[in-house]
Amino acid sequence: MTGRVVVVGGGLAGLTAACDLADAGFRVTLLESRSRLGGATFSFRRDGLVVDNGQHVLLRCCTEYRALLERLGTTEGIDLQDRFRMPVLLADGRLTGLGRTSAPAPLHLVPGLARYGALSPADRMRVVRAAAALRLLDPDDPALDEQSFGDWLTRHGQNSATLSALWNLISVAALNCDAHEASLALAVTVFRTALLDRADGADIGVPRWPLEDLHVRPAEKYLIARGAEIRLRSAVRAVERGRSGFTVRLDDENLPADAVVVAAPPDAAARMCPDAAGVSAARLSGLGAAPIVNVHAVFERPVTDLPFAATVGSPAQWIFDRTEVAGLTEGQYLAVSLSAARTWLDAPAPVLREVFLAELGRLLPAAAATPCTQFFVTRERRATFRQAPGTGRLRPRPETRLPGLVLAGSWTATGWPDTMEGAVRSGHRAADLVRDRARAGGGAG
Ligand SMILES: Cc1cc2nc3c(=O)[nH]c(=O)nc-3n(C[C@H](O)[C@H](O)[C@H](O)COP(=O)(O)OP(=O)(O)OC[C@H]3O[C@@H](n4cnc5c(N)ncnc54)[C@H](O)[C@@H]3O)c2cc1C
């Protein structure tokens, strides 16, 4: 095949589509508006540390993202649990947790839940009853997307204790919104796929390497080795339909293409696609945005042995040990990952420092007695779309009304939440559409 394909956007969706198309023999040009690849997943250097813009986590059920790492030869950059274990720190510093046995789903969770110290025995039974009902729901049922997960939980006997100690612990991390603001359809996808349908789906994978070494640079290398052209600082202003194929307009140049994959965020995608493509800006603006804030603290000496922990009854949500990933050789670097972080998004760093160093000191007593030598904050205002009820019908399919112009991105209709897994799946789907059209003789072939 010799067709020219332009991929717009160098996040995980664009990188995946570009890798697939380069492998299939297309002449691929990847255009990225920023001075770096990776999109929502990137690393930077700060005072001797390699820092990720935000902690990223995957689960064993993220099969396509894991397959991408395998293809890029970076699987060992992930520490994937052989069996799901989730340490949970309580507000008074006690450690409890959830975990699984080798029993088949859903029985694999029962012994762990029976010992879970964040819930009373009566509340554990409430959780079991709701989980049994949730397992019967079909995430593809459009009616589910119109309801809030929180309302459904309330109707199924859940109280504030089970919400904060269990449902929100996972919903906030996976959907970047509180259960009361989350689409029931997406919540069912998360809980069924990860926890209820298969015993090993929720085994947690935490990067051992910075995101840039895990997939950003390796994907760049993979593409260059296959003859793809990568252009940074190349913002696409418009994609226009020509007599045969498309013209991709940059500030100072026009590129011809037989097919175009638009893997930019929804607002940019709507702006650049021609009206005839039917990519509605008004509809996509309904997806909104939800922030994630990470608070980074380096301590003079190690303060915990835990590689990561969720918290209950604390604003700290999740804490990760980033010492090795960042290349720190003395002391300990902890990142506090705050999803659905509207409250903290615009808080000044000194305020965050006061709140979260006090929290770390409460949850991990050694932290209270250990000097913090570096403290900084990363803020992602538009980390994901707002995964609220009604967003299912707003997420577009990858095909546009113009054959040869396809969409990719974690915000498209992947059936998955806005995650690395969703982004990779969307990239594959977009590349498949381009390939199928070329095979059928419709351009790019
Ligand atoms: C702090 C944070 C924490 C997260 N945690 C997790 C996690 O733990 N697990 C998980 O699975 N997911 C997590 N996510 C979500 C995950 O990172 C995203 O879902 C995924 O990376 C999105 O990939 P994408 O390719 O669809 O979009 P993006 O990464 O947004 O890529 C789009 C690209 O298009 C480029 N672009 C925009 N306009 C133009 C233009 N006009 N021309 C050319 N290029 C353009 C952008 O610069 C960008 O590089 C997190 C996200 C953030 C921000």
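## Elements and the model

Helices, which are H or I runs of at least four residues, and strands, which are E runs of at least two, are taken from DSSP and numbered from the N terminus. P396 can be placed in these terms, as it lies in the loop between β19 and β20 (405-407). The model discussed here is a predicted one, and the distances, angles and areas below should be read with that in mind.

## The ligand and its shell

The ligand is surrounded by 35 residues, and the closest of them are E32, A40, H56, V57 and D418. Sorted by chemical class, the shell is made up of 17 nonpolar, 14 polar and 4 charged residues. At least three residues of this shell come from domain 1 (4-41 + 210-287 + 388-439), and at least three come from domain 2 (43-62 + 69-78 + 288-384).

Several polar contacts involve oxygen atoms of the ligand. H56, already named among the closest residues, places an N or O atom of its side chain 2.8 Å from a ligand oxygen. The backbone also takes part: an N or O atom in the backbone of T419 is 3.3 Å from an oxygen atom of the ligand, and a polar backbone atom of M420 lies 2.8 Å from a ligand oxygen. On its own the ligand would expose 1000 Å², of which the protein buries 90%. The elements that contribute two or more residues to the surrounding shell are the helices α1 (12-23), α9 (266-272) and α15 (420-439), together with the strand β19 (372-384).

## Cysteines

How many disulfides does the structure hold? The count is 0. C61 takes part in no disulfide, and the nearest cysteine sulfur to it, that of C62, is 4.6 Å away; because a disulfide requires two cysteine sulfur atoms within 2.5 Å, this pair does not qualify. C61 is nevertheless a buried residue, with a relative accessible area of 12%.

For C177, the closest cysteine sulfur is again in C62, but at 17 Å it is too far for a bond. C177 is likewise buried, its relative accessibility being 3%.

## Unusual backbone geometry

Most residues other than glycine have a negative phi, and most peptide bonds are trans. Against that background, the peptide bond from A105 to P106 is worth checking in the viewer, as it is cis, with omega near 0°. P106 sits in the loop that runs between β8 (95-99) and α3 (110-114).

Two residues that are not glycine have a positive phi: R233, with a value near 50°, and Q317, with a value near 55°. R233 is located in the loop between β10 (229-231) and β11 (238-241), and with a relative accessibility of 63% it counts as exposed. Q317 is found in the loop between β16 (308-312) and β17 (318-321).

## Buried residues in loops

The loop between β8 and α3, which holds P106, also contains H108. Is H108 buried or exposed? H108 is buried, with a relative accessible area of 1%, and a polar atom of its side chain lies 3.0 Å from the backbone oxygen of L195.

Q81, in the loop between β6 (78-80) and β7 (85-90), is also buried, its relative accessible area being 10%. The side chain of Q81 reaches the backbone oxygen of R85 at a distance of 2.8 Å. P396, whose loop was given at the outset, is buried as well, with a relative accessible area of 9%. P396 and V51 are 345 residues apart along the chain, and their C-alpha atoms are separated by 33 Å.

## A residue of helix α9

Helix α9, one of the elements that give two or more residues to the ligand shell, includes M272. M272 is buried, and its relative accessible area is 5%. The C-alpha atoms of M272 and E240 lie 8.5 Å apart in space, although the two residues are 32 residues apart in sequence.

Definitions and conventions. Residues are numbered from 1 along each chain as its sequence is written. This is a predicted model: local features need pLDDT of at least 70, side-chain atom pairs count only at pLDDT 80 or more; totals for chains, interfaces and linings use all residues. Side-chain values use heavy atoms; hydrogens and water are left out. Buried means under 20% relative accessible area, exposed over 50%, partly exposed in between (1.4 Å probe, protein chains only). A residue is near a molecule or strand if one of its heavy atoms lies within 4 Å of it. A polar contact is a pair of N or O atoms within 3.5 Å; within protein, one must be able to donate a hydrogen and the other to accept it, and residues adjacent in sequence count only if both atoms are side-chain atoms. Accessible areas come from the Shrake-Rupley method with a 1.4 Å probe; for residues, only the protein chains shown count as cover. Ala, Val, Leu, Ile, Met, Phe, Trp, Tyr, Cys and Pro count as nonpolar, Asp, Glu, Lys and Arg as charged, and the others, Gly among them, as polar. Domain bounds come from an automatic or database domain assignment.
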